[in-house]
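Reader: I would like a close look at how the strands in this model are put together. Please begin there, and then carry on to the parts around them at whatever pace suits you.

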Amino acid sequence: MKTKINQMLAVLSLLLVGVITAEAQTVRLSLKDALTYALENNTDIRKAKLEIINGKLETEEIRARALPQISGTSSLTDQLIIPQLVVGNQVFKMGRQWSGNAGVNMSQQLFNQQVFTGLKAAKAGESFYNLNAELTEEGIIQQVATAYYQLLVSREQLKTVEANIQSISRIETTVADQFKNGLAKKIDLDRVRVNLTNVKTQRDQLANGITQQENVLKFYIGMPVETQIEIPEAELKKINEDAASRYTDFKVEELTRYRLLMKQEELLGYQKKAAIAEYFPTLSLTGNFQRNGMSDKFDLLRGGNSTAVKYNASAIGLTLNIPIFDGFARRSRVKQADIEIQQIQQDIKNTKNSLSLSHKNANLALKNNISTINAQDENMRLASEVYASTQNNYNNGLATLTDLLNAETSLVDAQNSYNQALLNYKLAEIQLIQSNGNIKSLLN
């Protein structure tokens, strides 16, 4: 017995170790990995895909209205008091105590303009849901890519702060040695230490911000927030000077957002046609078959010994419904549909201008950011040279501590400005790719 218990404990221990290992596993997440994961797990994208399925079901529902409609009926009646008919001095029973029937009814639309229009609208609705899902995917890709690059730049800023801490720590060591030898004042050492404490606090805040950005990224892509991720090094400093020229082939008619509005206009057109179709008559074929039975006893379901009288009934016919007057309700619905079409046409016009404006501005922003990056790169190089020269002068007693700390601050500011310029460039590039309808190229 003790051996079996030990075996069970060993198995449970192995399972527990496996669970802990699985939970502690770190997911490596490149930009492509993040985008691919988002397309599979983002809740908005999943909902959009469910809308596609729902659109197909709506088409099937409308198509069913054009197919034969068949139903079965059955009834059983016990007449507790049988009605009587008095003719002169004669009294006749009207029917028997028990009666029942079972039958089948059928109807088939032969002409119904509303159903025919609805079928066309349903097919257009399927295309609308597909376009909406595509637009949702493009929006999520842009959102995830933006969050990803913001995270990368924050990490670069953290590296800058770490390097700044190391540099100030070296200055602290130098000033501390000078203070011991009577070559520096206590206030100088205190200033360096205060500066070092402030930079360390900045580092801690930035590290916490990076953790928050990682959580936001995981939320965007639909990954559990508790999952550990590893972001590989990326070539942020790789700038494509010709990026703007690669996205000059701009056609607003091919953009998903524009196509979605055009599809909405088409759907509103079908809505107007459906309202107009209410003026049309409808024609349907109807038919039924019934098996009836009547008896003074409860023996309708018996065979040959039944006292019931049983008989069949069947009919077939055409039903024509001609709308004549409805208080001008149909006319109002047609006019309302026409106004909605005019409204969507204004939206299309405005969206076309907006998309063109976004593309032009994204082009200009990208070009401006390339110039800014080049300028900040040169500024960072000069700041590095000034710091190196000031540090050398300080070591030789030719520069004050204030000069050295100011040079250190200027270098850090230049590095941060360069990193911010990199981020602005990446965001402008994403915006340009999105405005040109090629955002999914980030998946390649």
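Author: Happy to. Four strands make an open sheet, in the order E2-E5-E7-E8, with antiparallel pairing. Strands here, like helices, are DSSP runs numbered from the N terminus: a strand is a run of E with at least two residues, and a helix is a run of H or I with at least four. Two strands count as paired if DSSP finds at least two bridges between them. A word on the background: this is a predicted model, where local features need pLDDT of at least 70 and side-chain atom pairs count only at pLDDT 80 or more, while totals for chains, interfaces and linings use all residues. Residues are numbered from 1 along each chain as its sequence is written, and side-chain values use heavy atoms, with hydrogens and water left out.

The edges of the sheet are E2 and E8; each has a single partner strand, so one side of each has no neighbour in the sheet. On average, neighbouring strands of this sheet are turned by 15 degrees against each other, direction ignored. The axes behind that angle are lines fitted to C-alpha atoms, for helices over the stretch in contact; angles in general run from 0 to 180 degrees between N-to-C directions.

Now follow the pairing across the sheet. E5 (residues 98-111) runs antiparallel to E7 (residues 282-295), and 13 bridges join the two. To find your place between them, look at Ala102, whose bridge partner in E7 is Arg291. On the way to the E8 edge, E7 pairs with E8 (residues 309-321), again in the antiparallel sense and over 13 bridges. Two pairs help you to line these strands up: Gln290 has Ala313 as its bridge partner in E8, and Ser284 has Thr319. In a regular strand, side chains alternate between the two faces of the sheet.

At the other edge, E2 covers residues 69-78, and Gln69 belongs to it. With a relative accessibility of 39%, Gln69 counts as partly exposed, the class that lies between buried (under 20% relative accessible area) and exposed (over 50%), using a 1.4 Å probe and protein chains only. Gln69 and Ser107 are 38 residues apart along the chain, yet their C-alpha atoms are separated by 5.2 Å. Beyond neighbours within four places in sequence, Gln69 is in contact with Ala64, Asn105, Met106 and Ser107, where contact means heavy atoms within 4.5 Å. The side chain of Gln69 also reaches the backbone oxygen of Leu67 at 2.8 Å. This is a polar contact, that is, a pair of N or O atoms within 3.5 Å; within protein, one must be able to donate a hydrogen and the other to accept it, and residues adjacent in sequence count only if both atoms are side-chain atoms.

Leaving the sheet at E8, the chain takes you into a loop between E8 and H7, where you will find Phe328. The phi angle of Phe328 is near 70 degrees, a positive value in a residue other than glycine. Phe328 is partly exposed, at 45% relative accessibility.

Next comes H7 (residues 329-395), whose axis comes within 9 Å of that of H6 (residues 256-276), with a crossing of roughly 170 degrees. That makes H6 roughly antiparallel to H7, since angles over 145 degrees count that way, under 35 as roughly parallel, 65 to 115 as roughly perpendicular and the rest as oblique. The residues of this contact between H6 and H7 divide into 12 nonpolar, six polar and eight charged. In this scheme Ala, Val, Leu, Ile, Met, Phe, Trp, Tyr, Cys and Pro are nonpolar, Asp, Glu, Lys and Arg are charged, and the others, Gly among them, are polar. Ser356 sits in H7 and is partly exposed at 23%. From C-alpha to C-alpha, Ser356 and Pro323 are 48 Å apart in space, with their positions 33 residues apart in sequence.

Let us finish with two more helices. The axes of H5 (residues 186-221) and H8 (residues 401-435) come within 11 Å and cross at roughly 10 degrees, which makes H5 roughly parallel to H8. Asp188, Arg191, Val192 and Asn195 of H5 meet Leu401, Thr402 and Leu405 of H8. Further along, Gln434 lies in H8 and is buried at 19% relative accessibility.
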